[in-house]
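Q: Please take a close look at one part of this structure and describe how it is built and what it touches. I would like a single connected account, with the cut-offs stated as you go.

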Number of protein chains: 2
Amino acid sequence: MNNFSFQNLTRLIMGKGTIARLSEEIPAGKKVMITFGGGSVKKNGVYDQVKAALKDYQTVEFWGIEPNPAIETLRKAIALGKEENVDFLLAVGGGSVIDGTKLISAGLLYEGDAWELVQKGSATHTVPLATVLTLPATGSEMNNGAVISCRETQEKYPFYAHFPVFSILDPEVTFSLPPYQIACGMADTFVHVMEQYLTKTGESRVMDRWAEGILQTLVEIAPQIHENKNDYQLMADFMMCATMGLNGFIALGVTEDWSTHMIGHEITALTGLTHGHTLAIVLPGTMWVLREPKKSKLLQLGARVFGITSGTEEERIEKTIQRTEAFFRSLGLTTRLHEENIGTTVIEEIEKRFNERQVHFGEDGLVDGKTAKEILERVR
Amino acid sequence: MNNFSFQNLTRLIMGKGTIARLSEEIPAGKKVMITFGGGSVKKNGVYDQVKAALKDYQTVEFWGIEPNPAIETLRKAIALGKEENVDFLLAVGGGSVIDGTKLISAGLLYEGDAWELVQKGSATHTVPLATVLTLPATGSEMNNGAVISCRETQEKYPFYAHFPVFSILDPEVTFSLPPYQIACGMADTFVHVMEQYLTKTGESRVMDRWAEGILQTLVEIAPQIHENKNDYQLMADFMMCATMGLNGFIALGVTEDWSTHMIGHEITALTGLTHGHTLAIVLPGTMWVLREPKKSKLLQLGARVFGITSGTEEERIEKTIQRTEAFFRSLGLTTRLHEENIGTTVIEEIEKRFNERQVHFGEDGLVDGKTAKEILERVR
């Protein structure tokens, strides 16, 4: 087990009807800027629930934080928030709205251009932020990370600020989600867990079991949710998987990877393909190209999550990778680049960017431009 | 899934050499009262490490917080702390030292007698408290609970205060623990998990997997630790089990029981038998007497933790209870009351106390005086 220091400050409030608790959780007298995405919350009743709960607060609304939140949009939100002197932020939406609002929370107290904060990578001076989650996927509701994009330069980088002071998760608000968003959320969650799990064996028995427990749950509930996405218990389980998958609880003392994410971010930046979907394509490639260094963990994954226990080691690993890809396809996602009309240009651009930045992603630093290209060629 | 609200504020600092970090974590200028148990920390080097780390602080030492910390002792610590105007507490020891120090943290800011706080059951106004854990068992290092005893009246009650601001866990400090303490710590951890797990099925797939993951780990590491308690990785895994077993991480949205603990507390209060040991005796009785209402979960436990999948339901449940008792015995603990010379007098006193207090413990409120007696008769 590696030495670690861990703290997660977010209060997680989960269950039916919990949006009404907003007024108990936000200190009285706060001027709240509520941030939203594209407007689906007006159709599914979430907007009305939030407004009803905040009727005694001064509120300002900012609409239009897009998927892969763009600095171009967030600058406008920061300007509005400064003008209105807001002192509390409530992100109502999925991971993109929450991520974008994390940058706003720092930008409100920063004099320069907020892209500078993204380039620094983190900020400690922030306005308090809470969330009402509408799409289980990124785990942003219970961590301090965000990913911010720049449309102009087609770049996408991680950024760290404070944990949300609280996050409200009502599984019922997910019933109206489009199937593609649910599929991408499941893929995102699955790969978050894999990035923290599929590295070295024998570092922490409990963390291994907990990561496997989330993967097993996803594999179990995915086909059922595919049939019926209005089952409260199933969607509550899915929400738990997503939040627990990236709140630090499964990363205590273990080595992480994240190279699949770094490659996926580039694909999204270059093509606009939804984040979770890029991961469903990249991960089987990463597993294949790194099957030798990740051998022991792949065998453990196969045995414990997919029940693959017979055959040679090579056969078991191959089956495990196939089962992973089959899981993504069962969600309704494509798993090859050509299916999304992504080809040589994108692969070569990613290789070039990784080479220029001299990156060495992954637990052993093996993923550089050349390896990224190999991974992408494998899933071409 | 039940609605829930969860927050755990403790910073967990784990690993080799982490005691030296005390000076980074305690704000400069604090006057620290360090609380200890009986003195084993002077033999295993922990005392020297703590003192070295705190060389730039004003410190006061309080020694002698006993197993099942007694209000009689804690009153003295509170008097000393008030006299010395301490404004930070550092508990160095196992669950009893930490539990006792939680009451001290509230007692220092309370004008009346601290036993009144125990009778109220909780306190919100406290002096900040941190811990250096020396015995994995109670989980007190990462929760806000404590159990306080009164020697005079032979009573023992739960008490809730604040979370430790941080807790330091260095697996190396556990190498010198006596085997009986390790065994009791493992039994305590195992039963903590069971109290949060062995209730209803189908409430949360992730929580079920996580609870089972800790149980599986304990079953896996116990015989190895029995052979060699100086293996860093094994003791780190054990520490993780104990802390994760009672920090709320496996209790999100699920129904809990705790009747085994309530019966165990009475046995300790009446006979002085170590807490974890009482649980090893009581749990198999609870499982047997409540095997009908707990049927589905017992079958799940048997299948997933002990691999018991053949036979009739009744046979599988019986095997699961036998395997649980065998686990405790493999730790070197007795599992029957007569083996500890506990008989009718104690059983009848517990029945009487439960009847007088009109308790209905357990997830369905089934455990009253009569049922407690049945449970204890079963493991007589």
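A: What follows looks at chain A, its parts and its contact with the partner chain, and then turns briefly to that partner.

This is a predicted model, in which local features need pLDDT of at least 70 and side-chain atom pairs count only at pLDDT 80 or more, while totals for chains, interfaces and linings use all residues. Residues are numbered from 1 along each chain as its sequence is written, chains are lettered from A and ligands numbered from 1 in the order in which they are written, and side-chain values use heavy atoms, with hydrogens and water left out.

Chain A is divided into domain 1 (11-173) and domain 2 (178-378), with bounds from an automatic or database domain assignment. An unreviewed UniProt entry places "domain: Alcohol dehydrogenase iron-type/glycerol dehydrogenase GldA" at residues 10-171 of chain A, and "domain: Fe-containing alcohol dehydrogenase-like C-terminal", also from an unreviewed entry, at residues 183-356; such positions follow the numbering used here, feature names are shortened, and annotations may be inferred rather than shown by experiment. The span 10-171 is 31% helix and 26% strand, with its end C-alpha atoms 18 Å apart, whereas the span 183-356 is 70% helix and 0% strand, with its end C-alpha atoms 33 Å apart. Helices (H or I, at least four residues) and strands (E, at least two) are DSSP runs numbered from the N terminus.

The C-alpha centres of the two domains of chain A lie 27 Å apart, and 24 residues of domain 1 are in contact (heavy atoms within 4.5 Å) with 24 residues of domain 2. Between them these domains bury about 2,000 Å², 65% of it on carbon and sulfur atoms, where buried area is the accessible area (1.4 Å probe) that two parts lose on being put together, summed over both. On the domain 1 side, P136(A), Q154(A) and K156(A) supply 28% of the area buried against domain 2, more than any other three residues.

Between chain A and chain B, about 3,800 Å² is buried, of which carbon and sulfur atoms give 52%. M1(A), R205(A) and W210(A) are the residues of chain A that lose the most area to chain B, together 20% of what that side buries. The contact takes 45 residues from each of chain A and chain B. Leaving aside neighbours within four places in sequence, W210(A) is in contact with F249(A) and I250(A) in its own chain, and with W210(B), I214(B), M244(B), F249(B) and I250(B) across the boundary.

W210(A), L301(A) and W210(B) touch the most other members of the largest nonpolar core, which has 208 residues; such a core is a set of buried Ala, Val, Leu, Ile, Met, Phe, Trp, Tyr and Cys residues joined through side-chain atoms within 4.5 Å. Buried means under 20% relative accessible area, exposed over 50%, and partly exposed in between (1.4 Å probe, protein chains only). L301(A) is one of the buried residues of helix α12 (residues 295-305) of chain A, which include K297(A), L298(A) and V305(A). The buried residues of α12(A) pack against α7 (179-197), α8 (205-227), α11 (275-289) and α13 (313-330) of chain A, and just after α12(A), G307(A) takes a positive phi of about 70°.

In chain B, P293(B) lies in the loop between α11 (275-289) and α12 (295-306). At 41% relative accessibility, P293(B) counts as partly exposed, and beyond its neighbours within four places in sequence, P293(B) is in contact with D364(B) and L366(B).
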